Every structure is written in structure tokens, then in C-alpha cells.
Amino acid sequence: MDFISVFDVIGPNMIGPSSSHTAGASVIAYLAQKMISGPIVEAEFILYGSFAKTYRGHGTDRALLGGLMGFSTDDTRIRDSFELADERGLRYVFAVNTQEEEIHPNTVDIRMRNEQGQTMTVRGESLGGGKVRIVRINGVQVDFTGEYSAVIVIHMDKPGVAAHITKCLSDQNVNIAFMRLFRESKGQRAYTIVESDGRLPEEVAGRLREHPSVEDVMIVQSEN
Amino acid sequence: MDFKSGQELLELCGRHHMKISEVMLRRECELGETDAKKVRARMRRALAIMRDAVALPVEKPLRSMGGLLGGEAKKLKEHGDEGKAICGSVLGRGIAYAMAVLEVNSSMGLIVAAPTAGSSGVVPGLLLALQHENGLSDEAVLDALFNAGAVGYLAMRNATVAGAVGGCQAEIGVASAMAASAAVELMGGTPVMSLDAATTVLMNMLGLVCDPVGGLVEYPCQSRNASGVANALIAAEMALSGIRQHIPFDEMLAAMYTVGKKIPYELRETALGGCAATPSACSLCGGC
């Protein structure tokens, strides 16, 4: 998947006007909503850099909100995101941060709250051409792109958890492309992200949760 | 089957007696681990979106998000219909189409980035105008899109297609190079002619800066998409007539990239120079 496809050139199919400010924004929010069980009732978007400066004219706000409602980059409902969010009872607010300069120019923090009152904050960067990177989850630095199907395991940083994760995946015959562990600090909460070549079987989430140190599991399937 | 340069692409075309589009399709199937039927179906979807985007604003003019565009495609179409067009039918239609796509893009409509959203009017503009004026089949246009994809892939791999990195010459310049190469194949030219046409475009658009008013993909982007169609058409015509270029595509692409990196920061999508910094543009956008 690292090769440049003809559809990276003639594509993406997208709602305009900008692959970085519109399409990329919707992809970040789309990935973010996959990381919390829905429905999401409240969202705050904090925009940095060029996102903060030009988000209205690029429809970055509509694209973010659309992505959060599960719309893909070529979904024409993105234009009507505000109205559709209102209909769904999804409350949203956009804020800009122009102070922070040591940051990728097209960055957004998305704070989400679901019906059960759980919250999650995801930071994404839009890299151009609709490509994105998720760089933080709940303040912990991570790194994944959504180009591969990924399982994100939130767990305590204790011995045996990584072995449990690989065992569950190998039992389900999942071929691991990348596996990385990110943690707040030693012995504290950790995020293990495993990316796989094919689709991930949904059953794997239940098996992973069986370990006492595992707090939550999220599966983000690749659209490719 | 893969290639890393224009030269390797031409060697593959020569060795296997293939068109550029066939090599690109074969490459996609092999490296993407898929089959030609699926790949062509996906490209057919892109073509359908392009076809809608060139037509929609002619019926129903669209106001852009930033308010700088709206109604340009309809004006050109009506001007042409009245028999007043001075460009001739292919170019007249091509620029109307290209401006229509940017109208759709800037009003949050559905388009196909080719290679970027800001340059998305050039490839469909020229290819669909040629199809209309010459009665060509959809399958022929699909092939042409693979040809365009090959040129764009080389630009992405070996240079850049980002205005923020290389200026407008890298965005609309590359889009026009893609369109020129594809138009040559569509009209029966050889792979060598295709890459010569791509070279001609990069040469003629060398140094073009990226200076969007208000930082938005609207103005002058829309009219530059139209000029991209004109540049592509000129280059394709030259190549098809047998005019050769002294500079091979790979060298011209490298030159474009080198020039792009030398373009000052203010003229690379930052909206700090060029058109964006004119007093009238500043009063329009009211920002900064």
C-alpha cells in the first residue's frame, strides 16, 4: 500500500474545495468517531495553524463535523453538516488556537463525548492529498494513518498485555503489518496500536477485552 | 510491471508494444494486487464524477464558499452558444468545463482531485471537450485517464504536486502536463509524443507561483485551470504534429522541482504575495 496508486493521482473523489483542508479534515474526524462508541452527543474542535486561519472558506468545519457523523470524503451531505448535526442532536463548537506554533500547520484536536458520558480527545494532522495522521489520543502521542485496518487497545502498562494482544490476533489468523505501544509513562495507561493488511475480524475486540489490564478496544477498519 | 521515470516508462511501452495507459493499468493491477476489471470500474466512477462536475454549473451556477466565484461556466457556455467564441470549439468547451469544475469544487461539490482539488478542472476539461468534439468513446477517455495518471504519478514520485512546496507550476502545471500527455494518446499519438507534450507544458508553465486570494482555492485558481487547458492543448498539438522536445520529460520534471523549491515562501500557497497581496484582493477578502 506504500506504492503511489493511479487513484492517488486521479483521486481522491472528494467534496471540495481542498484535499488538505476539506477532504483530510473529514478523514481525521471519521477516524476519530471510530474510536468512541456512538452516538456522539457533543464535540469540540480546536483548529491550529492554517486550519485556524482559513477553515470557514475551505469548509473545514463542515468537513470535520461530517466526518464525525461518519460521512466519507465524497459524501455530498458534508455541505449540510451543520443542519444534519442539529437534527441528530449533536452539539458542536469550533475554537481556534493561534498561539501554538510548534505544530503541523493543518492540525485539529477533536474532543468527543458520547451518550454514556465517555470522553475522548484525538489530534489529527492533514498531510495533503487527503492523507492524514492521528498523532495523539487522550494526550498520548501515537501514530497511525487509517490506511491499514487498526486495532487500538487501551490498557495498563503491565507485563503480559502485549503477549495477550498478539495471541488474540494470531488465534484469529490476523497478519500484523505494524505493532507499536505508546504510553503515558511507565506502568501507567498505554495505547497499543496494531495495523494489519486485511480487514480485522470484529470478534477480536471481545477476546482482547478478556484481559484484566485491558480497559478498552477499538477497531478502525481501513476503507481500502 | 513498474517504472520510476519517464525513460523507464517509454522503455516498457517499447518493449511490450503498449500504450502508456496500458502500462499504468498493468502496474496498478500488479502493485495494487487487484484486477483490471475492478480498476477500470473504479476509474469509471471517477469519470462519472468528472462528467457531472463539468455540466452542473452550466445549468445551475454555484456560488463559492469564499464568494469570489460563481457563474463563470454558464457565461462561457452562453458566449459559445451565441457563436461568439474566438477560441474555437475544443478550447472554448475545454475552458468552460475546467472553470465549471472549479465552481463545483469551491462550492463544496463533488470532484475528483487530478492531481489536486485546486487543479481538478484541467484533465476533465480537456479530455471531455475532446471526447465531445470528436465523438470518442467512454472507454477511450478511461484509457486517457490512466495515461494522465502515469504522468501525475511520476510528478508525485520524483517532484511534487503541492502548491505549498512547488508553486502553481507543480499543481496546475502538472495537471496540464497530465492532460497534454493523455490528449496525445486519446488522439492517436505515441508514448514518446505524450511525454514530449508533458515536457512542453512544464516548460511553458515553469515558475508559475501559487498565490490564492484569501488562501482559498478560488481565485486565480479557476482561471489558471482554464489556462492549463490551453497550455495542454497547445503542447498536445505540437507533439501530434511531430515537433520533438530537446529536453526529456524526466529532466524537465526535475527542473520544475528545482525551480519550485526556489520560489519564495510568500508565493507558495501562503496568500502573502502575488495576486493575494494586491490591494484589491486584500480589500475583497478582508482577512489578515
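**Notebook: pockets, helix crossings and backbone details**

I began with the second largest pocket, which has a lining of 21 residues, and those nearest its centre are Leu76(B), Lys77(B), Gly80(B), Gly92(B) and Arg93(B). The model is a predicted one, in which local features need pLDDT of at least 70 and side-chain atom pairs count only at pLDDT 80 or more, while totals for chains, interfaces and linings use all residues. Residues are numbered from 1 along each chain as its sequence is written, chains are lettered from A and ligands numbered from 1 in the order in which they are written, and side-chain values use heavy atoms, with hydrogens and water left out.

**Second largest pocket**

I noted a volume of about 400 Å³ for this pocket. A pocket here is an open set of points on a 1 Å grid over the protein atoms alone, with protein on both sides within 12 Å along at least five of seven lines, whereas a cavity is a set where a 1.4 Å probe fits but cannot get out; lining residues have an atom within 4 Å of a point. Points are joined across faces, edges and corners, and a volume is the space filled by probe spheres set on them.

Three helices of chain B, namely H3 (36-59), H4 (72-81) and H5 (89-106), each give at least two residues to the lining of this pocket, and H5(B) gives the most, with six residues. Helices (H or I, at least four residues) and strands (E, at least two) are DSSP runs, numbered from the N terminus. I sorted the lining by class and found ten nonpolar, five polar and six charged residues; Ala, Val, Leu, Ile, Met, Phe, Trp, Tyr, Cys and Pro count as nonpolar, Asp, Glu, Lys and Arg as charged, and the others, Gly among them, as polar.

**Cavities**

I then looked for closed space, and the structure holds two cavities of 30 Å³ or more. The largest cavity, with a volume of about 40 Å³, is lined by Ile49(B), Met50(B), Ala53(B), Val101(B), Ile111(B), Val112(B), Ser120(B) and Pro124(B). H3(B) gives the most to this lining, with three residues, and the classes are seven nonpolar, one polar and no charged.

The second largest cavity holds about 30 Å³ of space, and its lining consists of Asp196(B), Ala197(B), Thr200(B), Ala235(B), Met238(B), Ala239(B), Ile243(B) and Gln245(B). H10 and H11 of chain B each supply at least two of the lining residues of this second cavity.

**Helix crossings in chain B**

I next checked H2 (residues 20-31) and H7 (residues 138-158) of chain B, whose axes come within 8 Å and cross at roughly 75°. Axes are lines fitted to C-alpha atoms, for helices over the stretch in contact, and angles run from 0 to 180 degrees between N-to-C directions. H2(B) and H7(B) are therefore roughly perpendicular to each other, a label given to angles of 65 to 115 degrees. From H2(B) the contact (heavy atoms within 4.5 Å) takes in Ile20(B), Ser21(B), Met24(B), Leu25(B) and Arg27(B), and from H7(B) Asp143(B), Phe146(B), Asn147(B), Gly149(B), Ala150(B) and Tyr153(B).

H3(B) and H6 (residues 122-134) of chain B pack at about 85°, their axes 10 Å apart, and are therefore also roughly perpendicular. Here Leu47(B), Met50(B), Arg51(B) and Val54(B) of H3(B) meet Pro124(B), Leu128(B) and Gln131(B) of H6(B). I came across Met50(B) and Pro124(B) before, among the residues that line the largest cavity.

**Backbone details**

I found a cis peptide bond between Gly16(A) and Pro17(A), with omega about 10°, and Pro17(A) sits in the loop between strand E1 (13-15) and helix H2 (19-33) of chain A. In chain B, the bond from Tyr219(B) to Pro220(B) is cis, with omega near 10°.

For positive phi outside glycine I noted His17(B), near 50°, and Ala271(B), about 60°. Is each one buried or exposed? His17(B) is exposed, at a relative accessible area of 72%, while Ala271(B) is buried, at 19%; buried means under 20%, exposed over 50% and partly exposed in between, with a 1.4 Å probe and protein chains only.

**Helix H4 of chain A**

I closed with H4 (residues 60-68) of chain A, where eight of the nine residues are buried. Gly70(A) follows H4(A) and has a positive phi, near 90°.

Notes: Angles under 35 degrees count as roughly parallel, over 145 as roughly antiparallel, 65 to 115 as roughly perpendicular and the rest as oblique.
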